[in-house]
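Visitor: I am new to this structure and would be grateful for a close look at a single part of it. Please take the sheet as the part to examine, together with what packs around it.

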Amino acid sequence: MILVVLGTQELPFTRLLEQVNNLKEKGVIEEEIIVQNGHTPADQFAHLNATPFFSYDEMSELYDQASVIISHGGTGSLITGIKKNKPVIAVARLSQHGEHNDDHQTEIVAQFKETEHIIASDSLEEDIKRAFAGFKPAPYESGQTQIITMIRNYINNI
């Protein structure tokens with residue numbers, strides 16, 4: 001099963017659902033597709049099993065069951081998949097398409113791609129092929145300890 005995660009942003013992300021639905025129609029995707037579509041209308045996509053929102057436990061279970069995660073560029077959605085050692089494909093919401101207020105998700109996606117935690121390119125079809133070819137994300141390491149150390153050092157030097 002492929003899990004598609006659009007998050008909770010109130011602006012629609014129809015572009016990603018169109019791409020996923022088209023790849024299912026072409027036979028590139030053979031698996032069942034479950035979508036957390038948030039505020040994005042999804043009734044017009046025949047190949048997508050869409051639900052606006054899931055509980056935390058339901059989402060965690062879906063992440064566990066998924067062979068691949070296709071996600072918007074939100075940090076929570078990306079990190080959840082990475083921590084579960086899943087191949088995560090990220091597609092940033094873009095302001096030029098009315099999908100977000102700015103393009104901060106492009107920066108988030110670029111950073112996670114650079115550290116080899118996710119797959120992201122201009123071709124969702126190629127990204128899916130790479131995911132099923134055995135992509136494994138780099139292990140996730142929180143920067144929390146470093147941040148706490150920096151704050152403590154700052155406070156101690158005041």
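Guide: The account below begins with the strands and then turns to the helices, the cores and two loop residues.

The model is a predicted one. Its open sheet has five strands in the order 3-2-1-4-5, and the pairing is parallel. Strand 3 (49-51) and strand 5 (88-90) occupy the edges; each has a single partner strand, so one side of each is left without a neighbour in the sheet. On average, neighbouring strands are turned by 20° against each other, direction ignored.

Strand 1 (residues 2-5) pairs with strand 2 (residues 33-36) in the parallel sense, over four bridges. Within this pair, Ile2 stands opposite Ile33 of strand 2, and Val4 has Val35 as its bridge partner in strand 2. Along strand 1, Ile2 and Val4 point one way, Leu3 and Val5 point the other way, and all are buried.

Val4 deserves a closer look. Leaving aside residues up to four places away in sequence, Val4 touches Leu16, Leu17, Val20, Ile33, Ile34, Val35, Gln36 and Ile70. Val4 also belongs to the largest nonpolar core, which has 23 residues; Val4, Leu16, Leu17, Val20, Ile70, Ile89 and Leu124 touch the most other members. Strand 1, helix 1, strand 2, strand 4 and helix 5 are the elements that give two or more residues to this core. Helix 1 supplies the largest share, four residues. A second, separate core of 21 residues includes Leu62, Ile69, Ile79 and Phe112.

Helix 1 (residues 14-25) has 12 residues, which at 1.5 Å a residue should span 16 Å; the end C-alpha atoms are 16 Å apart, in agreement with that value. Its buried residues are Leu16, Leu17, Val20, Asn21 and Leu23. Viewed down the helix axis, these buried residues fall within an arc of 160°, so they line one face of helix 1. They pack against strand 1, strand 2, strand 4 and helix 5 (124-132). Just after helix 1 comes Gly27, with a positive phi of about 85°.

Helix 3 (residues 75-83) also has buried residues, namely Ser77, Leu78, Ile79, Gly81 and Ile82. Their cover includes strand 1, helix 2 (56-65), strand 4, strand 5 and helix 4 (104-114).

Two loop residues complete the picture. Asn85 is found in the loop between helix 3 and strand 5. Its phi is near 60°, a positive value in a residue other than glycine. With a relative accessibility of 40%, Asn85 counts as partly exposed, because that class lies between the limits of 20% and 50%. Glu116 lies in the loop between helix 4 and helix 5. The phi of Glu116 is likewise positive and near 60°, again in a residue other than glycine. At 56% relative accessibility, Glu116 counts as exposed, because the value is over 50%.

To return to the sheet, strand 1 pairs with strand 2, and the buried residues of helix 1 pack against both of these strands. Strand 1 is also part of what covers the buried residues of helix 3.

Methods
Residues numbered from 1 in each chain as written. Predicted model: local features only at pLDDT ≥ 70, side-chain atom pairs only at ≥ 80, totals over all residues. Heavy atoms only, no water. Pairing = 2+ DSSP bridges. Axes fitted to C-alpha atoms, helices over the stretch in contact; angles between N-to-C directions. Expected span 1.5 Å × (residues − 1). Buried < 20%, exposed > 50% of the residue type's maximum accessible area, 1.4 Å probe, protein only. Arc of directions from axis to C-beta. Contact = heavy atoms within 4.5 Å. Core = buried A, V, L, I, M, F, W, Y, C linked by side-chain atoms within 4.5 Å.
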